[in-house]
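Here is a brief report on a structure with its sequence. Keep both in view while reading.

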Amino acid sequence: MSIAEAEAAQISLERPSGLWRDALDRFRRNPGALVGVFLIVVFIIAAVFAPAIAPFDPGKQVGPLATNPQGPSEGYLLGLDEQGRDLFSRIVYGARLSLLVGLVSVLVGLAFGLILGALAGYLGGWVDFAIMRVMDLMLSIPGLLLAIGLVTILGRGLFQIMLAVGVIQIPIFARLLRGSILGQREADYVLAARSVGVPGRKILLVHILPNSIAPLIVQGTLAMATAIIEVAALSFVGLGPNDPRFPEWGNILAENANRLQESAHLVFFPGLAIVLSALGINLIGDGLREAIDPKLKS
Amino acid sequence: MVPILLGLSILVFLFVRALPGGPAIALLGERATEESLEQIEENLGLDEPLHVQYVRYLGNLIEGDLGTSVSTRQPVTAELGRRFPATFELAAAAMIFAIGLGIPLGYLAAKRYQGVLDNVSLVMSLIGVSIPVFFLALLLKYVFGVQLGWLPTIGRLGITVSLDHPTNFYVLDSVLTANWSAFTDSLKHLVLPAIALGTIPLAIVARITRAATLDVLSEDYVRTARAKGLDPLVVDRRHVLRNAMLPVVTVVGLQTGLLLTGAVLTETVFAWPGLGTLILNAIRFRDYAVLQGGILVFAFIFVVVNLLVDISYAFLNPRIRYR
C-alpha cells in the first residue's frame with residue numbers, strides 16, 4: 001500500500017459514510033453533472049436577478065419597429081423583435097416562467113403520483129388494480145395530446161398549464177413508486193417492523209417510503225426537463241401562457257416561426273435557451289441516477 | 001386492449017362534456033345562437049342521464065360516426081381517413097430512420113465501448129432528449145431548406161407534380177401508378193420532416209441498444225460461445241444482437257407515442273397535411289368534434305402499437321408465451 005493509498009484509507013475511515021454522502025461524492029466527481037449544475041445555476045441566476053441582468057424592460061419597445069428585424073447589433077445583445085423589444089431581456093425574463101413551470105408541474109405530478117403510487121403499492125388488491133388501470137389509461141394518450149385536451153377544458157392560465165403538464169406526469173411517478181414499494185414491501189426490515197407491532201401507516205411513511213424514494217428523485221429531475229419542453233410545445237401550438245407581460249421561450253419561438261427566413265435569431269436564441277436548460281436538467285438527472293445507484297450506470 | 005379502448009372512449013366522452021359550453025357548442029361552434037343550441041341539445045338528448053348518453057355515443061363510435069366538423073362541414077371520420085395516410089407515411093419514414101440508424105449506432109458504440117463513436121453517440125443522445133422536436137424541425141428547415149436549398153420544406157408534393165391518389169400514401173401511389181417523377185419528389189418532401197421527427201427516437205434507440213448490448217456482451221453464454229470457437233460474427237448475430245433486441249423493441253413501442261405527439265408539431269413546421277395539422281387547426285378554430293376524433297385516433301394507434309410490441313416479444317423471446 002502506498003502512502004497516498006494509506007492516507008486515502010485513513011480519510012475514508014474517519015468520515016462516516018452513508019447513502020446520501022456517498023451519492024454526493026459520486027455526483028461531485030461526475031463532470032457531466034457539474035456541467036449540468038453550472039447551466040442550471042446560470043438560468044436560476046438569470047431568473048432571480050432578471051431585473052438587474054436584463055438591460056431593458058422585456059415588454060417595452062426600445063428600438064425601431066420592423067417587419068423583419070435584424071439580429072444582434074450594437075446595444076442589443078441578441079437583437080430586437082418585430083415590436084422593437086430587446087430579445088436578450090425577453091429571454092432572461094423567460095427563464096422565470098420556464099423554471100417555475102418546470103418546478104411546479106413536476107411537484108404536481110410528484111404529489112399525486114406519490115399518493116396514488118403509495119396507495120397502490122402498499123394496499124395492493126383492488127385498490128392497486130383500480131389505480132393502475134387508470135394510470136394505464138392516462139399513459140395510453142400521448143402526453144402532449146392529454147395536455148392539449150386539459151388546457152382546452154381548463155383554459156390557458158399559467159396555473160392551468162402547470163396543472164395540465166403536471167397531470168401527464170402522474171402515471172409515470174405512480175408506476176415508479178408502486179414498483180419500488182412492491183420491491184421494499186417484502187423486505188426483512190418491514191417484516192421486523194411489523195412483528196414488533198408498528199402500525200401499517202407508520203411502516204409505509206417511516207420505513208418504506210424513504211427507502212423507495214431514490215428513483216423518484218431521479219425521475220423528478222428528468223421530468224422537469226420534459227415539463228419545460230412540454231410547455232414550450234403547448235406555446236408552439238398556441239395554447240401556452242399568453243400574458244404578454246411575461247415572455248415565455250416557447251411563445252417567443254412560436255410567434256416568430258414564420259420569420260425564420262429573415263429573422264432567424266428570433267427562433268434560434270429562445271430555442272437555444274430551451275435546449276440548454278433541458279440539457280442542464282438532464283445532465284443533473286443522469287448524474288443523480290449514477291450517484292444514487294452506481295449499478296445503473298450505462 | 002378492449003378495456004383500455006373502452007376507458008378511452010369514456011375519457012373522450014367526458015372530455016367533450018367538460019368543454020366550456022358542452023357538446024352543443026362542440027357541434028355548432030361558438031357563434032351558435034341560443035335557439036339553435038337548445039334545439040341541438042334536445043335533438044342530441046343531452047337532457048337524458050349521462051350513462052344513456054354514453055351508450056348512444058359508444059354506438060355511434062362503433063359505427064364510425066364521430067360527428068361533423070364545424071369548419072369544413074364534412075364528417076370527421078372522412079377527414080381523419082383522408083389525413084391518416086400522410087401521418088402514417090411520415091411516422092413510418094421517421095421510424096425507419098430512427099431504427100435503421102439507431103440500432104447499428106448503438107451496437108457499434110457498445111462494441112467499441114468508450115471509444116470515439118461511443119462518446120459521440122452519448123452526447124448525441126443527450127442533446128436528442130433535450131431538444132424540442134419543433135425547434136429541431138425549424139433548424140433543419142432553416143439550414144437545408146432555406147439556406148442550402150437542397151430539399152423542399154412545405155407539403156408532401158411539389159405543386160408542379162401531378163399524381164393520382166388511389167391510396168393517399170403518396171410514395172405508394174407514385175409506385176402504383178408508375179409515376180417516377182412524383183416518386184422522387186414525394187421522397188424528397190419526406191426527408192426533412194422524417195429526420196426532424198426521427199432524431200429524438202434515434203437518440204433513444206441508440207442509447208438503449210448500446211446499454212442492452214453491453215449487458216449481453218458480459219453474459220456467460222456469450223463467453224461460452226466464443227470459448228467454443230464459434231465464428232465471432234455468428235456470436236454477434238445469434239447470441240448478442242438477438243438478445244439485445246428485447247429492450248429495444250419495448251423502447252421502440254414507447255417511442256411511437258412520442259412520435260405521434262412529435263408528428264403534431266413536425267407537421268405544423270413543414271405544413272404536412274396530416275392528422276397533426278388537422279388537430280392543431282381544430283384547436284385554433286375550436287372544432288371540438290375534430291379534436292376529440294383526432295385524440296381518439298392517436299390514442300387508438302398508440303394502444304395498437306403497444307399490443308404489437310407485446311406480440312413481437314413472443315417472437316423474439318420464446319420464453320415468453322401469451323395464453
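## A helix pair across the two chains

How are H14(A) and H6(B) oriented to each other? This is a predicted model. In it, helix H14 of chain A covers residues 265-292, and helix H6 of chain B covers residues 116-130. Their axes come within 8 Å and cross at roughly 120°. That angle lies outside the 65 to 115 range for roughly perpendicular and is not over 145, the cut-off for roughly antiparallel. H14(A) and H6(B) are therefore oblique to each other. The crossing of H14(A) past H6(B) is right-handed.

Which residues make the contact between H14(A) and H6(B)? H14(A) brings Val275(A), Ala278(A), Leu279(A) and Asn282(A). H6(B) answers with Leu126(B), Ile127(B), Val129(B) and Ser130(B). By class, the residues of this contact are six nonpolar and two polar, with no charged residue.

## The interface as a whole

The contact between the chains draws 33 residues from chain A and 34 residues from chain B. On the chain A side, four elements give two or more residues each: helix H6 (125-139), helix H7 (143-154), helix H12 (214-236) and H14 of chain A. The side of chain A that touches chain B has 23 nonpolar residues, nine polar and one charged.

## Chain A overall

Chain A is built with 14 helices and zero strands. From the N terminus on, its elements run α-α-α-α-α-α-α-α-α-α-α-α-α-α. The C-alpha trace spans about 75 × 60 × 30 Å along its principal axes.

Chain A has 298 residues, and 46% of them count as buried. Consider contacts in chain A between residues at least 6 apart in sequence: 71% of these join residues at least 24 apart.

## H7(A), an interface helix

H7(A) is one of the elements that give two or more residues to the side of chain A that touches chain B. It has twelve residues. From first C-alpha to last, H7(A) reaches 16 Å, close to the 16 Å expected at 1.5 Å a residue.

Is H7(A) mostly covered or mostly open? Mostly covered: ten of its twelve residues are buried. The buried residues are Gly143(A), Leu144(A), Leu145(A), Leu146(A), Ala147(A), Ile148(A), Gly149(A), Leu150(A), Val151(A) and Thr152(A). After H7(A) comes Gly155(A), with a positive phi near 105°.

## H9(A) against H12(A)

Within chain A, helix H9 (residues 170-185) pairs with H12(A). Their axes come within 9 Å and cross at roughly 160°. That makes H9(A) roughly antiparallel to H12(A). The crossing is right-handed.

H9(A) contributes Ile172(A), Phe173(A), Leu176(A), Leu177(A) and Ser180(A) to the contact. These residues meet Pro215(A), Leu216(A) and Gln219(A) in H12(A). By class, the contact has six nonpolar residues, two polar and no charged. H12(A) is also among the elements that give two or more residues to the side of chain A that touches chain B.

## Ala46(A), a buried position

Ala46(A) sits in helix H3 (residues 31-48) of chain A. Is Ala46(A) buried or exposed? It counts as buried because it has 20 C-beta neighbours inside 10 Å.

Leaving out residues up to four places away in sequence, Ala46(A) touches Ile53(A), Val92(A) and Ala95(A). Ser89(A) is 43 residues from Ala46(A) along the chain, yet their C-alpha atoms are separated by 9.9 Å.

## Chain B overall

Chain B has 13 helices and zero strands. Along the sequence it follows the pattern α-α-α-α-α-α-α-α-α-α-α-α-α. Its C-alpha trace spans about 85 × 55 × 40 Å along the principal axes.

Chain B has 323 residues, of which 39% are buried. Among contacts between residues at least 6 apart in sequence, 69% join residues at least 24 apart.

## Ala271(B), a loop residue with positive phi

Where is Ala271(B)? It lies in the loop between helix H11 (232-269) and helix H12 (275-284) of chain B. Ala271(B) has a positive phi of about 50°, although it is not a glycine. Most residues other than glycine have a negative phi. Ala271(B) is exposed, with 12 other C-beta atoms within 10 Å.

Conventions. Residues are numbered from 1 along each chain as its sequence is written. Chains are lettered from A and ligands numbered from 1 in the order in which they are written. This is a predicted model: local features need pLDDT of at least 70, side-chain atom pairs count only at pLDDT 80 or more; totals for chains, interfaces and linings use all residues. Axes are lines fitted to C-alpha atoms, for helices over the stretch in contact, and angles run from 0 to 180 degrees between N-to-C directions. Angles under 35 degrees count as roughly parallel, over 145 as roughly antiparallel, 65 to 115 as roughly perpendicular and the rest as oblique. A crossing is left-handed if the near helix is turned anticlockwise from the far one by less than a right angle, and right-handed if clockwise. Two residues are in contact if their C-beta atoms, placed from the backbone, lie within 7 Å. Ala, Val, Leu, Ile, Met, Phe, Trp, Tyr, Cys and Pro count as nonpolar, Asp, Glu, Lys and Arg as charged, and the others, Gly among them, as polar. The expected span of a helix is 1.5 Å times one less than its number of residues.
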